[in-house]
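This report covers a ligand site and a set of charged side-chain pairs. The sequence and structure come before the details.

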Amino acid sequence: MDICVVGAGYVGLVTSACLAYFGNQVTAVESNPIRLESLKQGEIPFFEPGLSDFVKSCIALGTLKFTDNLDDGVKSSDVIFICVGTPPLANGESDLSQVMTVARGIGGALDNKRRRVIVNKSTVPVGSGNWVEMLVAQGVQSVQPVPARSSRTEAPAFSVVSNPEFLREGSAIADSFYPDRIVVGSTDEPSIDLMRKLYNPILTQDFEAPECAPRPKGLEHVPFVLTDLASAELIKYAANAFLAMKISFANEVAGLCEKVGADIKQVTRGIGLDMRIGSAFLNAGVGWGGSCFQKDILALMQVAREYHYPTHLLEATIKVNEHQRLVVIQKLQDELKIIKGRTVGLMGLSFKPNTDDLRDAPSLGIARQLIKMGALVKVYDPVSMDSCKKQHPDLDMQYCSDLVDLATGCDAIVLVTEWEEFKRANWREVSQVMRWPLVVDGRNVLQEDEMTGVGMTYRGVGR
Ligand SMILES: NC(=O)c1ccc[n+]([C@@H]2O[C@H](COP(=O)([O-])OP(=O)(O)OC[C@H]3O[C@@H](n4cnc5c(N)ncnc54)[C@H](O)[C@@H]3O)[C@@H](O)[C@H]2O)c1
């Protein structure tokens, strides 16, 4: 199939490469000239394990190419994916300006040579499918004025479907090949057939797994969830809101654990084994971050506000998370008493491991607060330090070369991102270079026995 993917960020790039791996001809359209140039060389402008080599292999296969020419991409394709960003505005609404530009642009490029399916993969509020359809039609009219009744010229045929994306940064390739489900929102039969055909290798798992993403044991098929447009759009928001709510729930119970002398790790294991609950996303710590959870919950609340519908759970989910981000600072105050003049080392900057994404990362808020309180903040992260220096030049922090460099002279270190290398650190060496051997484990991933065994004071969350 001939496919055009507009926007080569996390979602667009991974989608492009996976579809190209199946032998489709994929044209990825990217408007950022710096990003485009590096993509043409197979260089990935962000950190995602395995993606650079995978993209290079698709380019070499001849099934993936990059351009900034939307017109060419649209004209040569049967299916056009919209994968541009939908960042939050100050009032919580999604900024849909990128989607708007692209939808009008697609309309302006459509012709009568084939019927196109336009796929909304960007996370967009309920009703956006119809809105995109309107914008595409406007784009069509801007270049092809409405034909006179007598004219035989027909408007280009197209249909808009919703196909929300559920990949996670850090495991994006595997998530794309082995998703829990493919959701397609449409009532247009030819479009539904085409989407089924496009996703058939994934639905039937009838493809040779790429080296970078081995197939999970026992996976034989992936469910195809067919819905109307509005339901597909809501599924994406509801899924993210639910996951965030689970984490906030675990965090609220963690606070209570500290009061009554219980251990949140034992409590969440005990409740997570209940099949109706499940253990995923029940980890207490410094809370959730990233480009999606906060933005999607705020956008969902905004939609509800338009219908005068109350969203008590969503509001509480955000409130708990905001509070949770700063519990590590309370723990530092409990142990060190005075923060002013102390040296605190933050282990990890990215919002989670295996990505350099700093969007809404808890580390940033913690660093800001500590600086405000008069601490000297040192940081070490295996991949995100360059991005942090560029994106947050206002943060006056000392960037360190490794964990021992970070710990040297610190009164406390705080684990913020659970990178593997932190779990396997030489804690004896770390404790010896610290001024005061205090570790606050903001993700509950370190072994308390190991820490205390080398003379460190260990503080987790909810334990
Ligand atoms: N990142 C994730 O983990 C994730 C997961 C699921 C869903 N989503 C959703 O997918 C969408 C994309 O997210 P992302 O993280 O990939 O965003 P991103 O910001 O990383 O990428 C968007 C890309 O689109 C490009 N772009 C913008 N306008 C363009 C135009 N007119 N023509 C061509 N390219 C254009 C940008 O330059 C950028 O490279 C968002 O709606 C997001 O909420 C993201």
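The shell around the ligand takes at least three residues from domain 1 (2-227) and at least three from domain 2 (236-323). The model is predicted, and the values below are computed from it.

**Ligand site**

The ligand has 27 residues around it, and E30, R35, T86, E169 and K295 come nearest. Sorted by class, the shell holds ten nonpolar, ten polar and seven charged residues.

Three polar contacts can be described atom by atom. R35 places a polar side-chain atom 2.8 Å from an oxygen atom of the ligand. In the side chain of E169, an N or O atom is 2.9 Å from a nitrogen atom of the ligand. S31 contributes through its backbone, where an N or O atom lies 3.2 Å from a ligand nitrogen. The ligand taken alone exposes 830 Å², and the protein buries 87% of that area. The elements giving two or more residues to the shell are α1 (10-21) and α5 (97-109).

**Salt bridges**

How many salt bridges does the count come to? The count is 22. Among them are the pairs in the table.

| Pair | N to O distance | Relative accessible area |
|---|---|---|
| E43 and K56 | 3.8 Å | E43 40%, K56 34% |
| D71 and K75 | 3.1 Å | D71 34%, K75 34% |
| E169 and R359 | 3.6 Å | E169 10%, R359 42% |

The pair of E43 and K56 is joined by a salt bridge at 3.8 Å. E43 sits in the loop between α2 (33-40) and α3 (51-61), whereas K56 belongs to helix α3, so the pair ties together parts that are 13 residues apart in sequence. E43 counts as partly exposed because its relative accessible area, 40%, falls between the limits of 20% and 50%. K56, at 34%, is also partly exposed.

D71 and K75 are placed within one element. Both lie in helix α4 (residues 70-75), four residues apart, which is about one turn of the helix. Their closest N and O atoms are 3.1 Å apart. D71 is partly exposed, and K75 is partly exposed.

Where in the chain do E169 and R359 lie? Their salt bridge, with closest N and O atoms 3.6 Å apart, links distant parts of the chain. E169 is in the loop between β6 (158-162) and α7 (172-177), and R359 is in the loop between β9 (343-347) and α14 (362-372), 190 residues away. E169 is buried, because its relative accessible area of 10% is under 20%. R359 is partly exposed at 42%. E169 thus appears both in this salt bridge and in a contact between its side chain and a nitrogen atom of the ligand.

Beyond single pairs, D2, D78 and R114 are joined into one network by salt bridges that share partners.

**A residue in helix α19**

Is D449 buried or exposed? D449 is exposed, because its relative accessible area of 65% is over 50%. D449 lies in helix α19 (residues 448-453). Its C-alpha atom is separated by 19 Å from that of G285, and the two residues are 164 apart along the chain.

Technical notes. Residues are numbered from 1 along each chain as its sequence is written. This is a predicted model: local features need pLDDT of at least 70, side-chain atom pairs count only at pLDDT 80 or more; totals for chains, interfaces and linings use all residues. Side-chain values use heavy atoms; hydrogens and water are left out. Buried means under 20% relative accessible area, exposed over 50%, partly exposed in between (1.4 Å probe, protein chains only). A residue is near a molecule or strand if one of its heavy atoms lies within 4 Å of it. A polar contact is a pair of N or O atoms within 3.5 Å; within protein, one must be able to donate a hydrogen and the other to accept it, and residues adjacent in sequence count only if both atoms are side-chain atoms. Accessible areas come from the Shrake-Rupley method with a 1.4 Å probe; for residues, only the protein chains shown count as cover. Ala, Val, Leu, Ile, Met, Phe, Trp, Tyr, Cys and Pro count as nonpolar, Asp, Glu, Lys and Arg as charged, and the others, Gly among them, as polar. Domain bounds come from an automatic or database domain assignment. A salt bridge is a side-chain nitrogen of Lys or Arg within 4 Å of a carboxyl oxygen of Asp or Glu.
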